[in-house]
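Take a moment with the sequence and the model. The paragraphs below walk through them step by step.

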Amino acid sequence: MQHTQSFRNHFSTLAGLLLAVLGAATTRLPAQTLDADTAGAVTNAPPAIPVLQVKADQVTAQVSPMLYGLMTEEINFSYEGGLYGELVRNRTFKANATNAVYWETVGGAAISLDTNQPLNSALNVSLKLDTSGASKDSPAGIANGGYWGIAIRPNTTYHASFYAKGEHFDGPLTISLLHVDTNHPALTYHTNDGSVTKGLEAGSTMPGVSATVPKISGEWRKYEVTLTTGDVQPSKDNQLVISTTKPGTFFNHHGTVWFQQVSLFPPTYNNRPNGNRPDIMQLLADMQPKFLRLPGGNYLEGDYINERFDWKKTIGDISQRPGHRSPWNYWSTDGFGLMEYLNWCEDLHMEPLLAVFAGYALRHDYVKPGPDLQPYVQDALDEIEYITGDTNTTWGAARARDGHPAPFPLHYVEVGNEDWFDRSGTYDGRFAQFYDAIKAKYPQLQIISTIGNDRPASERVQSRTPDLGDEHYYLTQERMEAQSHMYDTRSRTNQTKIFVGEWATRVGRPTPNMAGALGDAAWMCNMERNSDIVLLESYAPLFVNVSDLGRGGSMQWPSDLIGYDALTSYGSPSYYAQVMFSTHHGDNVLATDSQDVPTYSYQPPQRTRNGVPQGGPPAPQQVPSVFYDATRDSQSGTIYLKVVNRQSAAQPVHVQISGVSAVEAQGTATVLKADKPDDTNSIDEPKNIVPVTETVDGLGTDFTREFPAYSITILELKAK
Ligand code: AHR
């Protein structure tokens, strides 16, 4: 049966529906309640002020030192058109088998794909340019507009490179970065369909910069130039143009030049060659993540087995990487390969959490456990060796050749992705084969099953005890809040711990709004409060290119943490909630209790199977409107009290702290808030909603504080 994305519209697990029971375990519900849609409207007598107790002498858990991480894959133009610095789209001409998509011609020159002049077996096609029409007044060439634009900044050096070979043409070629201005007299750049498009005249005084390659060989060679801009305005309306004014034609023979791997890089984070966009890296650095789950997600699996993330084809010289089609329906050059993931980890001081391909692809291709699976198991062992092995091992030596002699840290390996979709019933056997082989060689590694304890026991791995199980939750705000006490009552004796490897409150597109951030914060309180069993968590998806939100455009999956176009980037309110949680917590979880927490009424959706309702409508639930958790730094004594108010009115809360001799009256409050739940950040208003930290007074062991409407607050209390 065909797998489609609709199968992966996650609905909450049954556990989410248990809120009423679970919530009652930790909160006493008030006499009056508020409706979800009119939260804040008092329906009865004035409500009691909720009381929140923090028991500083009762440590219920250690905060997992690895709790806050990142999950990543090539989706929504995450790397190519996102984090990866490359500015040229379809640089290897393999995005489409018949057309040179994303390339335009300059001066009406003819261009075509040519499989008879491959650069090598990996890049087995080239772009052929007929230069015969070139003249001083009308250059012939090729132009690329990047991923919805090419960002150009003032006084900045760009590194352009390409492979080329000529026939009856030996140069020169001019490489230019040109501003595209619709108001400027256009040079006759022609698109593939013959229509005239915008561009600049050679020698124009408009912002632009050029360099020349004087001679082109008759054999494939790599050419490199640097282009340094002057005092130009930052803009994304630019093209990379490679052109010539020399036709090169000899009698009846047309001048021809073939191109491959045409690349343009701006300065990158930490100046890494083949590196990453600094602005997006800085947003991530500010999250202080501890791990990176890579390389997916669906991207690990591929639609078919031969479209999986085949890591050995993603390492080494980028001109030897064939690239592959991603399950998110666009081409990946694999310029962003395994080593690039690892360098990303190193730059942000996080460690990889490696997901290995486990013999199952999205459209239900699978490999039977046993001898057929063995090559894939060996591939995983090789991959682990590439990451962690000594340089005297085969794959450790390969890593050293690729520029990184030192091994990378690695503690967690996940076997596959979302294998509950596998109807063949082979996951238990496949997992066992990987588990045994990995544990035999690397007993120190923690092995993660993709089927967590949230799934029915019949789906889970039975033959081995996974160290962790990966649970995924993509939910509405109400459902996220409804399960915000879910882990309070999870088994403490189960040896399989929890990795919440993908989750998001999916409200807002392309990036979540404040309602999303509130649902996220309620859920993060739940995970942090229970991080004796929830060892790792990562929001997903991480990135979205917001340039073209239409069908077939730059977004395949809405509600993503960080948005960007070719020029700038921004964090959503959910991003700032993540930053707040990950950078403000202690190492001890403190016992908490509460009374009179306001609630709202939530009607869970009807359960359906194949569109058919199952049973009667579920009973409405009372869901808390205020969420909290408390941690303490055992060294400094600071208590971090997180309080989330999802209501439309400010909420006073009476806080009582026991188990300490004193709490200073002055502390700090870091607050993320909005006027409306659908308030958000965007590419045009990137900082509409950001956390504000201020010094506050009136704290102590017993105080009442008002928490603003639609807010997430972290109080730092100096306790002795
Ligand atoms: O995060 C988007 C997708 O959701 C992931 O690729 C997949 O694992 C899940 O279905």
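What follows is a short tour of strands, a helix, a ligand site and some unusual backbone spots.

One caution comes before the tour. This is a predicted model.

Begin with strand 20. This strand covers residues 351-356, and six of its six residues are buried. Look at both of its faces. On one side sit E351, L353 and A355, and these are buried. On the other side sit P352, L354 and V356, and they are buried too. So what pairs with strand 20? Strand 17, residues 291-294, pairs with strand 20 in the parallel sense, over four bridges. Within that pairing, L292 has P352 as its bridge partner. Strand 21, residues 412-415, also pairs with strand 20 in the parallel sense, again over four bridges. Here A355 stands opposite E414 of strand 21.

Now step back along the chain from strand 20 to helix 5. This helix spans residues 338-347. Is helix 5 enclosed or open? Nine of its ten residues are buried, so the rest of the structure largely encloses the helix. The buried residues are L338, M339, E340, Y341, L342, N343, W344, C345 and D347. In general, an α-helix has 3.6 residues a turn, so residues three or four places apart point the same way. After helix 5 comes H349, with a positive phi near 55°.

Strand 24 is another covered strand. It runs over residues 497-505, and eight of its nine residues are buried. Its partner is strand 23, residues 468-475. The two pair in the parallel sense over seven bridges. One of the matched pairs is G469 with I498, the latter in strand 24.

Turn next to the ligand. Which residues are closest to the ligand? They are E73, N298, E418, Y474 and E502, out of twelve residues that surround it. The shell divides into four nonpolar, four polar and four charged residues. Several side chains come within reach of ligand oxygen atoms. An N or O atom in the side chain of N417 is 3.0 Å from a ligand oxygen. For the side chain of E418, the distance from an N or O atom to a ligand oxygen is 2.7 Å. Y474 places a polar side-chain atom 2.7 Å from an oxygen atom of the ligand. How much of the ligand does the protein bury? Taken alone, the ligand exposes 280 Å², and the protein buries 100% of that.

The model also has open sheets. One has five strands in the order 6-7-16-9-14, with antiparallel pairing. Its edge strands are strand 6 (110-114) and strand 14 (221-228), and each pairs on one side only. From one strand to the next, the twist averages 35°. Strand 6 is joined to strand 7, residues 126-130, by five bridges, and the two run antiparallel. A110 stands opposite D130 in strand 7.

Another open sheet has three strands, in the order 26-27-28, with mixed pairing. Strand 26 (543-545) and strand 28 (569-571) stand at its edges. Each has a single partner strand, so one side of each is left without a neighbour in the sheet. Neighbouring strands here are turned by 20° against each other on average, direction ignored. Strand 27, residues 562-564, runs antiparallel to strand 28, and three bridges join them. In this pair, G563 stands opposite Y570.

Finally, check the backbone in the loops. Start with the loop between strand 17 and helix 4 (298-301), where P295 is found. The peptide bond from L294 to P295 is cis, with omega near 0°. G297 has its place in the loop between strand 17 and helix 4. The bond from G296 to G297 is cis as well, with omega near 15°.

Two other loops hold residues with positive phi. H168 lies between strand 9 (157-167) and strand 10 (173-179). Its phi is about 55°, although H168 is not a glycine. H168 counts as partly exposed, at 32% relative accessibility. N271 lies in the loop between strand 16 (256-265) and helix 3 (278-285). The phi of N271 is near 55°, a positive value in a residue other than glycine. Is N271 buried or exposed? It is exposed, with a relative accessible area of 64%.

Definitions and conventions: Residues numbered from 1 in each chain as written. Predicted model: local features only at pLDDT ≥ 70, side-chain atom pairs only at ≥ 80, totals over all residues. Heavy atoms only, no water. Buried < 20%, exposed > 50% of the residue type's maximum accessible area, 1.4 Å probe, protein only. Pairing = 2+ DSSP bridges. Near = heavy atom within 4 Å. Polar contact = N/O pair within 3.5 Å; in protein donor to acceptor, adjacent residues only side chain to side chain. Areas by Shrake-Rupley, 256 points an atom, 1.4 Å probe, with all protein chains shown as cover. Nonpolar A, V, L, I, M, F, W, Y, C, P; charged D, E, K, R; others polar. Axes fitted to C-alpha atoms, helices over the stretch in contact; angles between N-to-C directions.
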